[in-house]
Amino acid sequence: MSIKTIELFAGVGGFRIGLNNVKLVNNNVIENDNFDFVWANQWEPSTKSQPAYDCYCERFGNNESHSNKDINKVAINKIPSHDLLVGGFPCQDYSVARSRSGEKGIEGKKGVLWWGIHKIIKKKKTKYLLLENVDRLLKSPAKQRGKNFAIILYSLFKLGYNVEWRVINAAEYGFAQKRRRVFIWAYKKGSKINCNLEDILFNTGIFAKCFPISNEIFKNRVNSLDLNNYKDLVDVSDNFEEAFYSTGVMIRGKIQTIQSIPIYEKPISLNEILLEKVSDKNLYIHGDRIKKFKYLKGSKKINRIRPNGEPYIYSEGKMQFPEGLNIPARTMLTSEGTTNRSTHVVRDKKNNKLRLLHPIEAERLNCFPDNWTESLTNRQRLFMMGNALVSGVVYRLKDEIIKFINK
């Protein structure tokens, strides 16, 4: 059975690479066809250049099934019917309020991309969702903990979905990068499922099967709540403040969430993904730039002044310089490759000189095929990988997703 799929906020295709086990052979894309990607959307605001979209089209074909428009401005009739929607949407403020036209109307903030997803799944009656976000989604905003994720869960609940979620640190499950992201799996209530919340968390859920956890609960952090107690989205937006933990499930509005303990798998080390030889001279650092990196990555205490005039001391701890090669890489950011504290600096295997990551090495940290982004500049390639997901996590989920849908 081919599962019709659309990919939103597609970037350079991380979800598709994982779900279809995409390979690059002699610059030709080879992919499985269990997931039939009938449409994709990628749009970067506030810039004329669209390198991620250009790369996606280069690899998967430049045709009408790919869109380069703001998702909130795409006409619903332009989006094909589909079974599964996937996407890594940004963490924003998802607050809602009463509309001016009447008490019954509810409006989400303009430009907030979650409501673009919401509009699509409501109109197209999407059966399944696989979404990804930064893990702070579960705790944001700081002034009303959990509100944003509660709004997402409540809006899915009212559209007839059950939901599982899990914060996955890729390095804890054998991958080469310490990258923590929350993955969300949602499916229509009509699906034949086990409704025992605890059993789903530990045994039968899609994340429990693919990313096993201990039967213990970290520091007894567990919470149960019921979204049926809220009268509407505005009530959730105004009044919700509960703890969501790293693993959770919602069935018919009833939620159980725990701080889970992963069953650890030995990760790939940074050394294992490094190229044997790097000839690009622009990646090597010298002299004053080395001094700058040493300063940025060193411990420091700096006297600063708050906006209200109050003095304080800003502190940073020491980071390893250069990177330790026998452990997984730190999380890549979109600033990778620039001269800043978060950029990886390694010793080249061949000549022992200090250098930045090669774009191929960055691709490997996210389980992308080598040279997937080679049409872009080095800076763009590193930016794309800093913005991407670890497609190997999605690859590990794919078989259970296929089984779930085929049932």
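**Local environments, helix packing and the principal pocket**

In the predicted model, a polar side-chain atom of Ser-214 is placed 3.0 Å from the backbone nitrogen of Glu-216. Ser-214 belongs to strand E12, which spans residues 213–226. Its relative accessible area is 16%, and Ser-214 is therefore classed as buried, the cut-off being under 20%. Beyond its neighbours within four places in sequence, Ser-214 is in contact with Phe-202, Ile-261 and Ile-263.

A second polar contact involves Asn-41, whose side chain pairs with the side chain of Ser-67 at 3.0 Å. Asn-41 is located in strand E4 (residues 35–41) and is buried, with a relative accessibility of 2%. When residues up to four places away in sequence are left out, the contacts of Asn-41 comprise Glu-7, Leu-8, Phe-9, Ala-10, Ser-67, Lys-69, Ile-71 and Val-74.

Phe-9 also appears at the largest pocket, where Phe-9, Gly-88, Phe-89, Pro-90 and Asn-387 are the lining residues nearest the centre. The lining consists of 44 residues in total, and the space within the pocket amounts to about 990 Å³. Two or more lining residues are supplied by each of helix H1 (14–19), helix H2 (51–60), strand E9 (128–134) and helix H11 (378–387). Of these, H11 provides the largest share, with four residues. Classified by residue type, the lining contains 21 nonpolar, 16 polar and seven charged residues.

Helix H2, one of the contributors to this lining, is mostly covered, as eight of its 10 residues are buried. The buried set is made up of Pro-51, Ala-52, Tyr-53, Cys-55, Tyr-56, Cys-57, Arg-59 and Phe-60. Gly-61 follows H2 and has a positive phi, near 95°.

Helix H9 (residues 287–297) has Ile-290, Phe-293, Leu-296 and Lys-297 as its buried residues. These residues lie on the same side of H9, because the arc that they cover around the axis is only 125°. An α-helix has 3.6 residues a turn, so residues three or four places apart point the same way. The buried residues of H9 pack against four strands: E15 (300–305), E16 (311–316), E17 (345–347) and E18 (354–356). On the face turned away from this buried side, H9 carries the exposed residues Asp-288, Lys-291 and Lys-294.

Cys-91 is situated in the loop that joins strand E6 (84–88) to strand E7 (96–99). Although 22 residues separate Cys-91 from Leu-113 in sequence, their C-alpha atoms are 8.8 Å apart in space. With residues up to four places away excluded, Cys-91 touches Asn-133, Val-134, Arg-136, Leu-137 and Ser-140. Ser-140 in turn precedes a cis peptide bond to Pro-141, with omega near -5°; Pro-141 lies in the loop between E9 and helix H4 (147–158). Another cis peptide bond runs from Phe-321 to Pro-322, with omega near -10°, and Pro-322 is in the loop between E16 and E17.

Most residues other than glycine have a negative phi, and most peptide bonds are trans. Asn-21 has a positive phi of about 45° without being a glycine. Asn-21 is located in the loop between H1 and strand E2 (23–25) and is partly exposed at 22% relative accessible area. Asn-26, likewise not a glycine, has a positive phi of about 50°. This residue lies in the loop between E2 and strand E3 (28–30). With a relative accessible area of 72%, Asn-26 is exposed.

Key
Residues are numbered from 1 along each chain as its sequence is written. This is a predicted model: local features need pLDDT of at least 70, side-chain atom pairs count only at pLDDT 80 or more; totals for chains, interfaces and linings use all residues. Side-chain values use heavy atoms; hydrogens and water are left out. Contact means heavy atoms within 4.5 Å. On a 1 Å grid over the protein atoms alone, a cavity is a set of points where a 1.4 Å probe fits but cannot get out, and a pocket is an open set with protein on both sides within 12 Å along at least five of seven lines; lining residues have an atom within 4 Å of a point. Grid points are joined across faces, edges and corners, and a volume is the space filled by probe spheres set on the points. Ala, Val, Leu, Ile, Met, Phe, Trp, Tyr, Cys and Pro count as nonpolar, Asp, Glu, Lys and Arg as charged, and the others, Gly among them, as polar. Buried means under 20% relative accessible area, exposed over 50%, partly exposed in between (1.4 Å probe, protein chains only). A polar contact is a pair of N or O atoms within 3.5 Å; within protein, one must be able to donate a hydrogen and the other to accept it, and residues adjacent in sequence count only if both atoms are side-chain atoms. The arc is that of the directions from the helix axis to the C-beta atoms.
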